[in-house]
Amino acid sequence: MSLACRGACLFLTQSYNYDGCGQNLLLCCESSIFVQSYALCISYCDATAKLSAWDYVKKSCGLVSCASMPGYEKIYGAALEASVNETSILKSQQLSSPVRISQEIFDLTKDVYINEQRTITVAVRISVALIFFWIFLGTIALAWRRNAIRTLKKRSLPTFFEVWIQRRLITPSLFKSQHYEPLMIYKFPLGILPLRWEAMVCTIYMTLNFIAIFASLPIVHSSDGVISITSQRCLFIAKRSGVIAVAMIIPTIQFAGRNTTVSRLTGWDLETIKVFHKSAARICFADSLIHTFAISFYLLMQGGYSQLTQTVVYMEPNFFGVIAFIVFGIIILQSLYVFRRLFFEIFHLAHLILAIIFIVCVYVHVSQFSSHKFMIIVAIIVVADFAMRMIRILFGSLSRKAILKTNASVTNILVKPLANFTCKPGLYAYLYVLRFNFWQSHPFSVVEARDNTCTFIAKSKNGMTAKLYRYVVDNNNKAQARIWIEGPYGCSYPLELYDQVLLLSGGAGITASISYALHLTRLGLKKKISLHWVVRTIEQIHWIQEQLEDIKSYPFIDIDIYISKYLAERVSILTDESCLNNDAASISTCITASMDNRDDHCNRSMEHCNALDIKASNATLTADNIIFHYQKPEIEKVVWQTVMNAPDGASLAVFTCGPSGLVDQARSTVVDCLTTNRLRLDYYETAYS
């Protein structure tokens, strides 16, 4: 009641002309006529509400001339003698006497402000419910994951319902097979499509959000002569959308933080976390947009452009709200897929700086409202995430230098952390190269962590990876650099629980697959493992040559390597007698085969080259259980054959990591294979879009 009394009297008294002060309370405080009119209005309130409303004005006017105003009773008595009735003057007329508002008008206006406070209270409760939506979703994912692990350990088959859920909701992409392959319109990349279940979750969340903003507005129809119905709608929508927008910053920041426990508990990969982060941020921006337009229309209808300008420019919290909205718009614009893809390092740094500015401005904007509690939670999340990152770095590698060496367009990074660095397969860590842009970090999969030495592979592209590669080359492939490790992060999939494992990799995606292969072979379990790796050139096999040497002796693993580019390389290898006779002592014998006669072979007749291609497809090279193919793989055929050859009642895991085309094709094929429950078939992937 106190807030409603104060709000109604401020609204009614400030609607008159006190030297043009409008809705700016500090300017109105300079007018004794305004103070007297306000004193007359709050006389309709009960004793507690009247005292609270008067103390608010005295506190707000503490920096202007009327700060030393006499007590309420004295001002009220003087105002009552000199007052004029509201019906005898125009609102645009310059006042020389205080205005006496009628009891009826006050009661109607107070009802509107009571409903405003109820709207804010309801909005806070709705916001909490929307936050718990994500908690509820995570609980379902956690229960699903634990049930899957439990059935794997019991070696029981999934039910038809579970297979249907996997085939129709969890595994498939939104449309057809396209997921990581960017959606293109006139050769312009718009972004990647979410999975079907991700799209469904985001749609439900967005629908609930907008229903909460626009449904069941508490309009006071009898007050149309004081505050129009349209103005009330704008006011209530502005209040609801504003509170909900502030609350939606919590899931946005939670999904953006590196130390989120969501991934470890639910099994969601990095891309799923990013989808939810972007969706929460865009819905939050939509709420902010609704709030901005609704409150602007309300102010324009109540006092025109001058009132809008005074409210925004001369009231500091509102001014910071405008800055926050503009910064948020820039964040949404610069996070578009095309900008992230072309200028990732610039995007990442700008994204971080703008996010900090946005959070500070929002906190100032809502500091006088109940929604500021949400910003306190946001601040706690940000500080906790930063503290955890610093702790991870401190227990990582602060003083030891990493050993660097180049290898066929990649840089092998070997770091010895100060503390014991234990890392499960499939996880990744952020590396800070202090020599180049020490304030930036990049994620890299941990190839292996053995003897307290972590091995990473950084493919040379742009930015830091290119600088690092050139630095090592300039130092004759014998370089060291101070590198910090932050991690590990991510979710490690329980592939060791399956009877068979199919690992599909492309290019640098082998870093995740080889970590699982090393883990499974070192466990010594009698599990059938198939590793398929697609590379462009034969030299790229050197990236993980040591790891291949480690796993090739495992009797239950088959390794297929596909070399997809350069006919000359295929010719050189195929004509190497040691490889043709399968006499190679190790993998390196074949992959370092002489390339001196490349041009000579390529200048031969086309018939000879075609014959070699046929020979390459039918009689592949082998070194123990490693088979080389000189063509692109048929991913669909590989997956189908693996599924069909699996015995009834078995469990099969398909894991992919690589280019978007390979990952999308593998996912689509697994969906097609999910037609029966004769075996358990699960799909996992790691891809960085």
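In the predicted model, Leu 300 has a relative accessible area of 35% and is therefore classed as partly exposed. Leu 300 belongs to helix 12, which spans residues 270-313. Together with Leu 289, Phe 293, Phe 297, Met 301 and Tyr 305, Leu 300 makes up a nonpolar surface patch of about 600 Å². Membership of such a patch requires over 30% relative accessible area, and the 35% of Leu 300 lies in the partly exposed class.

A second surface patch carries positive charge and is formed by Lys 459, Lys 461, Arg 536, Lys 565 and Lys 632. Of these residues, Lys 459 is located in strand 9, a segment covering residues 453-459. The relative accessibility of Lys 459 is 30%, so this residue counts as partly exposed.

Other segments of the model are covered. In helix 10, comprising residues 249-256, six of the eight residues are buried, and the helix is thus mostly covered. The buried positions are Ile 249, Ile 250, Pro 251, Thr 252, Ile 253 and Phe 255.

Burial is also found in helix 2, which runs over residues 25-28 and contains Cys 28. Cys 28 counts as buried because its relative accessibility is 0%, the cut-off for this class being under 20% relative accessible area. With respect to Asn 17, Cys 28 is separated by eleven residues in sequence, and the C-alpha to C-alpha distance between the two is 9.5 Å.

Conventions:
Residues are numbered from 1 along each chain as its sequence is written. This is a predicted model: local features need pLDDT of at least 70, side-chain atom pairs count only at pLDDT 80 or more; totals for chains, interfaces and linings use all residues. Side-chain values use heavy atoms; hydrogens and water are left out. Patches are made of residues with over 30% relative accessible area and no salt bridge: like charges are joined within 9 Å, nonpolar side chains (Val, Leu, Ile, Met, Phe, Trp, Tyr) within 5 Å. Accessible areas come from the Shrake-Rupley method with a 1.4 Å probe; for residues, only the protein chains shown count as cover. A salt bridge is a side-chain nitrogen of Lys or Arg within 4 Å of a carboxyl oxygen of Asp or Glu. Lys and Arg count as positive and Asp and Glu as negative; His and the chain ends are not counted. The place of a charge is taken as NZ of Lys, CZ of Arg, CG of Asp or CD of Glu. Helices (H or I, at least four residues) and strands (E, at least two) are DSSP runs, numbered from the N terminus. Buried means under 20% relative accessible area, exposed over 50%, partly exposed in between (1.4 Å probe, protein chains only).
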